[in-house]
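Here is a set of exercises to work through with the structure open beside you. Try each task before reading its solution.

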Amino acid sequence: MKSSLQGMRTWVAGAAAGAMTAFWGVQAMAQDLLGQPTPKGIALQPAAAPLKHDAIFFHNAILMPIITIITLFVAALLVWVIVRYNRRANPVPAKFSHNTTIEVIWTLVPVLILVFIAIFSFRLLFAYHDMPRPDLTVKAVGYQWYWGYEYPDHEVGEFISNMMPEDEARATGVPYLLAANEPMVVPVGKTVRVLVTAADVIHSFALPAFGLKTDAIPGRINETWFRAEKEGVYYGQCSELCGVDHAYMPIEIRVVSEAEFEAWVAGRGGNPAGLAASTAAEPVAPTAAEAGVDAAAAEPANEDAAEEPQQTAAPQAAAAAN
């Protein structure tokens with residue numbers, strides 16, 4: 001019996017070691033591509049924005065260790081029960097039906113695990129909703145089955161982004177089903193607010209490298225944000241089943257330098273300076289305190305002006321009487 005149990009333990013340990021070796025071996029063989037899926041890759045896409053860094057930490061440092069420990073513990077427990085309490089090893093079964101201590105433990109431990117996960121989960125959720133002051137705004141509208149982008153701050157009207165045809169994508173060396181003929185263009189290192197909505201059915205604006213996934217709902221505007229850390233081209237897709245051509249409405253975001261972005265805006269007939277220039281050109285209304293001071297300063301002048309006509313009017317009346 002002892003040798004059988006030791007053999008089972010050796011087999012489980014060997015299988016676990018082999019699985020871990022294969023896991024890290026495949027991951028090492030796969031060279032992660034930035035901004036698009038990696039063939040044979042098994043990890044999350046590399047991060048190119050702060051939110052995705054936080055999401056990767058939550059996945060790799062919090063969820064995966066907990067999942068691995070629970071899986072190994074349950075597997076070892078099953079193996080121990082199978083070996084120790086089968087009919088041959090334990091012909092006379094125990095007669096008890098429950099154990100209060102064990103029931104308390106297996107109720108409290110999962111609760112504590114979930115509370116621990118919730119601490120980091122809420123922090124990540126708050127980071128998604130705690131948007132810094134945006135440098136520019138892009139409105140993304142989902143249609144069946146393409147995207148429309150508009151830059152209200154830069155006075156760039158809506159333009160349509162369709163999937164690039166297969167022959168053109170193959171010829172230019174870009175990934176088919178992910179490349180678009182009119183990508184969204186944003187400057188690197190700037191906080192971009194994305195207003196997401198839809199015109200017909202529910203879509204979803206998702207781009208893995210930035211950690212974005214926001215539903216596009218008709219009649220409602222959702223908000224998300226990102227700040228691209230590197231220049232390059234990043235791909236995503238609609239991730240909500242929205243009809244027969246759901247798989248053919250990709251999202252392509254091209255991150256460029258600020259000078260290139262301003263040139264792109266000018267080429268679109270927009271205002272390269274953006275919202276900052278338009279607000280600077282507008283007259284600034286005085287504050288309540290400033291208005292009160294100006295009014296107080298103007299009161300003596302108004303009183304003098306009111307008295308002056310009265311003083312000049314008296315001699316004129318006397319002259320008319322004479």
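**Exercise 1. Work out whether V265 is buried or exposed, and find what surrounds it.**

Solution. This is a predicted model, so every value below is computed from it.

Step 1: The relative accessibility of V265 is 0%. Buried means under 20%, so V265 counts as buried.

Step 2: Now place V265 in the fold: it belongs to helix α5, residues 258–267.

Step 3: Look for its neighbours. Setting aside residues up to four places away in sequence, V265 touches H154, V156, G270, N271 and P272.

Step 4: Pick H154 from that list. Along the sequence, V265 and H154 are 111 residues apart, yet their C-alpha atoms are 7.2 Å apart in space. Across the protein, 62% of the contacts between residues at least 6 apart in sequence join residues at least 24 apart.

**Exercise 2. Check whether the span of helix α2 agrees or disagrees with its number of residues, then look for a bend.**

Solution.

Step 1: Helix α2 covers residues 50–84, which makes 35 residues.

Step 2: At 1.5 Å a residue, α2 should span 51 Å.

Step 3: The C-alpha atoms at its ends are 50 Å apart, so the two values agree.

Step 4: Even so, α2 has a bend of about 35° at L63. A proline, P65, follows within four residues.

Step 5: To finish with α2, list its buried residues: L51, K52, A55, I56, F58, I62, I66 and V83.

**Exercise 3. Describe how strand β10 is covered and how it pairs with β4 and β9.**

Solution.

Step 1: Strand β10 runs over residues 250–256, and six of its seven residues are buried.

Step 2: With β4 (residues 184–187), β10 pairs in the parallel sense over four bridges. To locate the pairing, find M184, whose bridge partner in β10 is I253, and V185, which stands opposite R254.

Step 3: With β9 (residues 232–238), β10 pairs in the antiparallel sense over six bridges. Here Q237 stands opposite P250.

Step 4: Return to β4. In a regular strand, side chains alternate between the two faces of the sheet. In β4, M184 and V186 lie on one side and V185 and P187 on the other, and all of them are buried.

**Exercise 4. State the strand order of the five-stranded open sheet and say which strands stand at its edges.**

Solution.

Step 1: The order is β3-β2-β1-β5-β8, with mixed pairing.

Step 2: β3 (156–161) and β8 (222–227) each have a single partner strand, so one side of each is left without a neighbour in the sheet. These two are the edge strands.

Step 3: From one strand to the next, the twist averages 25°.

Step 4: Within the sheet, β1 (residues 136–143) and β5 (residues 191–198) run parallel and are joined by seven bridges. One of the pairs is T137 with R193 in β5.

**Exercise 5. Find which residues touch the most other members in the largest nonpolar core.**

Solution.

Step 1: Nonpolar side chains tend to be buried together in soluble globular proteins.

Step 2: The largest nonpolar core has 36 residues, and Y149, Y151, F205, F210 and I253 touch the most other members.

Step 3: Apart from this core lies another one, of seven residues, including A55, I117, F120 and L124.

Step 4: Take Y151 as an example. Beyond its neighbours within four places in sequence, Y151 is in contact with residues including L136, V156, M184 and W264.

Technical notes. Residues are numbered from 1 along each chain as its sequence is written. This is a predicted model: local features need pLDDT of at least 70, side-chain atom pairs count only at pLDDT 80 or more; totals for chains, interfaces and linings use all residues. Side-chain values use heavy atoms; hydrogens and water are left out. A nonpolar core is a set of buried Ala, Val, Leu, Ile, Met, Phe, Trp, Tyr and Cys residues joined through side-chain atoms within 4.5 Å. Buried means under 20% relative accessible area, exposed over 50%, partly exposed in between (1.4 Å probe, protein chains only). Contact means heavy atoms within 4.5 Å. The expected span of a helix is 1.5 Å times one less than its number of residues. The bend at a residue is the angle between axes fitted to the seven residues ending there and the seven starting there. Two strands pair if DSSP finds at least two bridges between them. Axes are lines fitted to C-alpha atoms, for helices over the stretch in contact, and angles run from 0 to 180 degrees between N-to-C directions.
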